[in-house]
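Please open the model in your viewer and keep the selection panel at hand. The tour below goes from one selection to the next and says what is there.

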Amino acid sequence: MPVKTTESTQDTTSATDIDSQINYNDAIHYWSGVEATVDGVLGGFGESTSVPKADIVGSNTFLRKLKPRFSNEPDKIKYGIDFGAGIGRVTRDFLHKVCDKVDLLEPVPSFVQQMKVELKPLMEQGKIGEIYDISMQDWEPSEEGKYYLIWCQWCVGHVPDDVFITLLNNCKKGLQKDGLLVIKENNTNSDEDVFDEVDSSKTRSDKNFRRLFKLAGWDLIATDLQKGVPRELFPIRMYALKPSKN
């Protein structure tokens, strides 16, 4: 799912009704027809726009502020995982710099193929771990407590709320002690979710994200809005999460 414009979503029915409209096969079919480039995976907001550079700067700034709030276990590799990795842009430009090694998850075959081209230098340096060419709902951590940082960007709109909660539960199993989960997604401009029939996804409200985090047993320790992107986009918000201790 790319960055979302305010014109790309129309349906503002209830969350339950929207969830029933989400069709994962339709989403894969749509994305399989999209060019495997930065412009393609970002829905037309590629290198000719401010979005890719601003996105990386915003993510770096957000994570740098959080550095005192999380740290890996000394005897473990600082493993990261990139959900909805597309062609590997976020890992190539950002995640490999803050993690010792990065796993990636991306279900669209053409994107996975291009990812291996984009990330070849990092593969040769041993910075890339597993590439999971599966859907988020089919993922479970290969071992408990593996990940220092779980980065989930522009992808969870393709799953309904109940599946998102299952994903959050699996992330909890996969996180190292004092590790961090970051969700970076568009928000609607209201308290309602909206549906995009083009790629069969929904854009959640900030209110719904916070509700789901709490329901799944996560504490929101920091949040910030992405700066420097076109005004026609829905707000892009970063959420830093840790499992609740209660």
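## Two helix pairs

Helix 8 and helix 9 are oblique to each other, and this is a predicted model. Select residues 206-215 for helix 9; its axis lies 10 Å from that of helix 8, and the two helices pack at an angle of about 50°. The reasoning takes one cut-off: angles under 35 degrees count as roughly parallel and 65 to 115 as roughly perpendicular, so a value between these ranges is called oblique. In handedness, the crossing of helix 8 past helix 9 is right-handed.

Next, select residues 51-66, which are helix 4, together with helix 5; their axes come within 11 Å and cross at roughly 20°. Helix 4 is therefore roughly parallel to helix 5. This crossing, too, is assigned a hand: helix 4 passes helix 5 in a right-handed sense.

Stay on helix 5 and pick Val90, which belongs to this helix. Is Val90 buried or exposed? Its relative accessibility is 7%, so Val90 counts as buried. Add Lys127 to the selection: Val90 and Lys127 are 37 residues apart along the chain, and their C-alpha atoms are separated by 14 Å.

## The sheet

Now colour the strands. In which order do the 7 strands of the open sheet stand? The order is 3-2-1-4-5-9-8, and the pairing is mixed. Strand 3 (128-132) and strand 8 (218-225) are at the edges; each has a single partner strand, so one side of each is left without a neighbour in the sheet. On average, neighbouring strands of this sheet are turned by 15° against each other, with direction ignored.

## Strand 1 and its neighbours

Select residues 79-83, which form strand 1. How many of the residues of strand 1 are buried? The count is 5 of 5, and the strand is mostly covered. In a regular strand the side chains alternate between the two faces of the sheet. Here, Tyr79, Ile81 and Phe83 are on one side of strand 1, with Gly80 and Asp82 on the other. Both faces are covered, as all of these residues are buried.

Add residues 101-105 to show strand 2, which runs parallel to strand 1 and is joined to strand 1 by 5 bridges. For a specific pair, show Tyr79 and Lys101: Lys101 is the bridge partner of Tyr79 in strand 2. Residues 89-98 complete the arrangement, since strand 1, helix 5 and strand 2 make a right-handed β-α-β unit.

Then show residues 147-153, which are strand 4. Strand 4 pairs with strand 1 in the parallel sense, over 5 bridges. Two pairs are worth labelling here. Gly80 has Leu149 as its bridge partner in strand 4, and Ile81 stands opposite Ile150 of strand 4.

## Two positive phi angles

Move on to Trp154, in the loop between strand 4 and helix 8 (161-174). Phi of Trp154 is near 50°, a positive value in a residue other than glycine. Trp154 is buried, with a relative accessible area of 5%.

Asp178 is another non-glycine residue with a positive phi, of about 65°. Select residues 175-186 to find Asp178 within strand 5. The relative accessible area of Asp178 is 40%, so this residue is partly exposed.

## A buried aspartate and an exposed lysine

Go to the loop between strand 6 (194-196) and strand 7 (201-203), where Asp199 is found. Asp199 has a relative accessible area of 3%, which means that Asp199 is buried. Which residue does the side chain of Asp199 contact? Show Ser201: the side chains of Asp199 and Ser201 are joined by a polar contact of 2.7 Å.

For the last stop, select Lys245, in the segment after strand 9 (236-243). Lys245 counts as exposed, because its relative accessibility is 83%. Finally, draw a distance from Lys245 to Gly217: the C-alpha to C-alpha value is 8.5 Å, across 28 residues in sequence.

Note on methods. Residues numbered from 1 in each chain as written. Predicted model: local features only at pLDDT ≥ 70, side-chain atom pairs only at ≥ 80, totals over all residues. Heavy atoms only, no water. Buried < 20%, exposed > 50% of the residue type's maximum accessible area, 1.4 Å probe, protein only. Helix = DSSP H or I, 4+ residues; strand = E, 2+ residues; numbered from the N terminus. Pairing = 2+ DSSP bridges. Right-handed = clockwise from strand over helix to strand, strands pointing away. Polar contact = N/O pair within 3.5 Å; in protein donor to acceptor, adjacent residues only side chain to side chain. Axes fitted to C-alpha atoms, helices over the stretch in contact; angles between N-to-C directions. Parallel < 35°, antiparallel > 145°, perpendicular 65-115°, else oblique. Left-handed = near helix turned anticlockwise from the far one by under 90°.
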